[in-house]
Amino acid sequence: MSWSVLLAADPSPEPVSLDEAAKQAGDAAGWVEENWSTWLNTGLRIALILVVALVLRLLLRRALTKLIDRMNRSAQAVEGTALGGLLVNAERRRQRSEAIGSVLRSVASFVILGTAGLMILGAFKIDLAPLLASAGVAGVAIGFGARNLVTDFLSGVFMIMEDQYGVGDSVDAGVASGEVIEVGLRVTKLRGDNGEIWYVRNGEIKRIGNLSQGWATAMVDVMVRSSEDLDHVRSVINEVADDLAKSEPWNERLWGPVEILGLNEVLLDSMTVRVTAKTMPGKALGVERELRWRIKQAFDAAGIRIVGGLPPVAEEAAAGDPTAGMAAPSAYASATSPQSLAATPIAPPANLAK
C-alpha cells in the first residue's frame with residue numbers, strides 16, 4: 001500500500017490560522033463576559049435560598065425540640081406532687097409530645113425544603129406551572145388510592161392533638177375495648193381484658209369512650225327485706241362509709257363522700273337501697289367490691305338480712321295419669337263390632353257336611 005492511498009483514506013485536518021484562532025477565543029471571552037454576571041447572580045440566589053432554608057429548618061427543629069422537652073419536664077414536675085400520679089401519666093404525656101413534635105418537624109421540613117426547591121427551579125427560569133399541575137394531579141391520584149391511609153393518619157393526628165386518650169387509659173373504641181398501650185399516627189394498640197392485643201386503625205374509630213378521664217362512679221345496690229328499719233339501715237351504711245373514707249388506700253381512691261341515694265326499688269318482700277361514690281378513674285370496680293364486703297359484714301353484725309331475690313319455689317311433682325299404663329281398647333273386644341264379624345271364620349256349606 002502506497003503513501004498516497006494512506007493520505008487519501010485519512011486526510012489530516014486543515015490547519016487553523018492564527019487570525020481565526022484569535023477570533024474564536026475573542027468570541028468565547030465575549031460570551032463569558034456577557035453572561036458571567038447572570039451566572040454569578042443565579043449562583044448567589046441559589047446559595048442564599050439554600051442557606052436561608054437550612055438555617056430556618058434548623059431553628060424550627062430546635063425550637064420544636066425545646067418545646068417538647070419543656071412539656072416533658074412539666075409532666076415530670078407534676079408527677080412528683082401528691083395527685084400528680086393520678087392526674088398525669090408521664091408515659092402518656094411523653095408519647096403524645098413526641099408524636100406531636102415528630103409531626104410538626106416533618107411538616108416544617110417538608111414546607112421549607114419544598115418551597116426552597118421551587119424557588120431554586122424558578123431561579124433557573126424553569127416554568128413551574130406544568131410541574132405544579134402534574135404534582136397536583138399525582139397528589140390527587142395518590143390521595144384517592146391511599147384514602148384509607150390518609151384518613152388513618154389525619155385521625156391519629158387529631159386524636160393526639162386533642163388528647164382524646166393516651167397510654168394507660170381504659171377506653172371503649174366500639175370495635176374493641178381495653179387499656180391503651182400505644183398510640184400511633186395510624187394504629188392504636190389496646191390490651192383486652194383477657195390479655196389480647198387489639199390493633200385498631202384510627203380511621204375506623206367512630207366513637208371513643210374514655211373511662212380514665214375525670215372521675216368514675218362506684219354504684220352498689222343493697223337489697224334487704226321489706227320489714228327492715230330504713231333508718232337503721234341508713235345509719236349502718238353511713239358508719240361503713242365513714243370507716244371506708246378513713247382507711248388506706250381507699251381514702252385516696254374516693255374523690256367524694258359515699259352517698260345513699262335512697263330506695264331504688266320496692267317489692268313485696270324486698271327493697272333496694274342504692275349507694276354511690278365518686279372515685280378515682282379506673283378504681284370504681286375495686287371500691288364497689290370493698291363497699292359490698294364491708295356492708296355485708298356490718299349488716300351481719302347489726303342483724304340486717306340481705307336478700308337476693310325471691311326464694312326458689314319447689315315445683316310439685318305432677319300427679320301420675322292412672323290411664324298411662326293402660327292399653328287402648330281393642331275393636332275386637334266386642335263380638336258385634338264390624339272388625340269381629342269380619343274376622344269370624346266362614347261356616348262351610350251344608351251339602352259338604354254330609
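This briefing walks through one long helix, the salt bridges, a surface patch and two backbone details. The structure is a predicted model, so please read every value as computed from that model. Helix H9 spans residues 284-302, and a search of the whole structure turns up 10 salt bridges.

**Helix H9**

- H9 has 19 residues and reaches 26 Å from its first C-alpha to its last, close to the 27 Å expected at 1.5 Å a residue.
- Its buried residues are Ala284, Val287, Glu288, Glu290, Leu291, Arg294, Ile295, Ala298 and Phe299.
- These buried residues lie on the same side of H9, because they cover an arc of only 165° around the axis.
- The cover over the buried residues of H9 includes strand E6 (216-225), helix H7 (230-246), helix H8 (250-253) and strand E8 (270-279).
- On the face of H9 turned away from its buried side, you will find the exposed residues Arg289 and Trp293.

**A salt bridge within H9**

- Arg292 and Glu288 form a salt bridge, with their closest N and O atoms 3.8 Å apart.
- The two residues are four apart in helix H9, so about one helical turn separates them.
- Glu288 is buried, at a relative accessible area of 14%, whereas Arg292 is partly exposed at 41%.

**Salt bridges elsewhere**

- Asp152 and Arg201 meet through their side chains in a salt bridge of 3.0 Å, N to O.
- This pair links distant parts of the chain: Asp152 sits in helix H6 and Arg201 in strand E4 (residues 197-201), 49 residues apart.
- Asp152 is buried, with a relative accessible area of 2%, while Arg201 counts as partly exposed at 29%.
- Another salt bridge brings together the side chains of Glu182 and Lys189 (3.2 Å, N to O).
- Both ends of that bridge are partly exposed, Glu182 at 34% relative accessibility and Lys189 with a relative accessible area of 24%.

**A nonpolar surface patch**

- Val150, Phe153, Leu154 and Phe158 make a nonpolar surface patch of about 350 Å².
- Within this patch, Phe153 belongs to helix H6 (residues 147-161) and is partly exposed, with a relative accessible area of 37%.

**Backbone details**

- Most peptide bonds are trans, and most residues other than glycine have a negative phi.
- Glu248 and Pro249 are joined by a cis peptide bond, with omega about -5°.
- Pro249 is placed in the loop between H7 and H8.
- Gly303, just after H9, takes a positive phi of about 75°.

Notes:
Residues numbered from 1 in each chain as written. Predicted model: local features only at pLDDT ≥ 70, side-chain atom pairs only at ≥ 80, totals over all residues. Heavy atoms only, no water. Patch = residues over 30% accessible without salt bridge, like charges linked within 9 Å, V, L, I, M, F, W, Y side chains within 5 Å. Areas by Shrake-Rupley, 256 points an atom, 1.4 Å probe, with all protein chains shown as cover. Salt bridge = Lys/Arg side-chain N within 4 Å of Asp/Glu carboxyl O. Buried < 20%, exposed > 50% of the residue type's maximum accessible area, 1.4 Å probe, protein only. Expected span 1.5 Å × (residues − 1). Arc of directions from axis to C-beta. Contact = heavy atoms within 4.5 Å.
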